[in-house]
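Below is a short briefing on one protein model. It goes through strands, core, surface and charged pairs in turn.

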Amino acid sequence: MKSAGRENLVTLHLYSPPITGMKVYDLQKCSACVVSEDCGAWWPEEQRQKVKEIQLK
């Protein structure tokens with residue numbers, strides 16, 4: 001996502017109740033994982049945030 005002009009763009013997303021069972025994807029590794037609620041919508045940096053890792057075909 002980017003702005004139509006030259007200005008920077010900031011977005012804020014709030015979910016209530018929090019999303020559970022969110023899958024995030026790493027296309028270079030061809031894998032996905034289900035992340036914990038405290039992770040966000042990106043590949044987790046901490047192992048404890050990976051609920052389940054999935055190898056894609």
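Buried means under 20% relative accessible area, exposed means over 50%, and partly exposed lies in between, with a 1.4 Å probe and protein chains only. Strands (E, at least two residues) and helices (H or I, at least four) are DSSP runs, numbered from the N terminus. The model is predicted: local features need pLDDT of at least 70, side-chain atom pairs count only at pLDDT 80 or more, and totals for chains, interfaces and linings use all residues. Residues are numbered from 1 along each chain as its sequence is written, and side-chain values use heavy atoms, with hydrogens and water left out.

**Strands and pairing**

- Two strands count as paired if DSSP finds at least two bridges between them.
- β1 and β2 run antiparallel and are joined by four bridges.
- The two strands form a hairpin with four residues between them, and C30 in the turn has a positive phi of about 55°.
- Within this pairing, V24 stands opposite C33 of β2, and D26 has S31 of β2 as its bridge partner.
- On β2, five bridges lead to β3 (residues 50-55), and these two strands are antiparallel.
- V34 has K52 as its bridge partner in β3.

**Faces of the strands**

- In a regular strand the side chains alternate between the two faces of the sheet.
- Along β1, V24 and D26 point to one face and are buried, while K23 and Y25 point to the other and are not buried.
- In β2, S31, C33 and V35 point one way and A32 and V34 the other way, and all of these are buried.
- Because five of the five residues of β2 are buried, this strand is largely enclosed by the rest of the structure.

**Core and contacts**

- A nonpolar core is a set of buried Ala, Val, Leu, Ile, Met, Phe, Trp, Tyr and Cys residues joined through side-chain atoms within 4.5 Å.
- The largest such core has five residues: V24, C33, V35, C39 and W43.
- In soluble globular proteins, nonpolar side chains tend to be buried together.
- Contact means heavy atoms within 4.5 Å.
- The core residue C39 is in contact with P44 and Q49, leaving aside its neighbours within four places in sequence.
- D26 belongs to strand β1 and counts as buried because its relative accessibility is 17%.
- Not counting residues up to four places away in sequence, D26 touches S31 and W43.
- The C-alpha atoms of D26 and W43 are 7.1 Å apart in space, with the two positions 17 residues apart in sequence numbering.

**Surface patch**

- Patches are made of residues with over 30% relative accessible area and no salt bridge; like charges are joined within 9 Å, and nonpolar side chains (Val, Leu, Ile, Met, Phe, Trp, Tyr) within 5 Å.
- Accessible areas come from the Shrake-Rupley method with a 1.4 Å probe, and for residues only the protein chains shown count as cover.
- Y25, L27 and L56 make up a nonpolar surface patch with about 350 Å² of accessible area together.
- L27 lies in the loop between β1 (23-26) and β2 (31-35), and it counts as exposed because its relative accessibility is 76%.

**Salt bridges**

- A salt bridge is a side-chain nitrogen of Lys or Arg within 4 Å of a carboxyl oxygen of Asp or Glu.
- The structure holds three salt bridges.
- In the D38 and R48 pair, the closest N and O atoms are 2.9 Å apart.
- D38 and R48 are ten residues apart, and each is in the loop between β2 and β3.
- D38 is partly exposed at 46% relative accessibility, whereas R48 is exposed at 54%.
- R48 also meets E46 in a salt bridge, at 2.9 Å from N to O.
- E46 is in the loop between β2 and β3, and its relative accessibility of 40% makes it partly exposed.
- The C-alpha atoms of E46 and P17 are separated by 23 Å, and the two residues are 29 residues apart along the chain.
- E53 pairs with K50 in a salt bridge, with 3.3 Å between the closest N and O atoms.
- E53 is partly exposed at 43%, while K50 is buried at 18%.
- Through shared partners, salt bridges join D38, E46 and R48 into one network.
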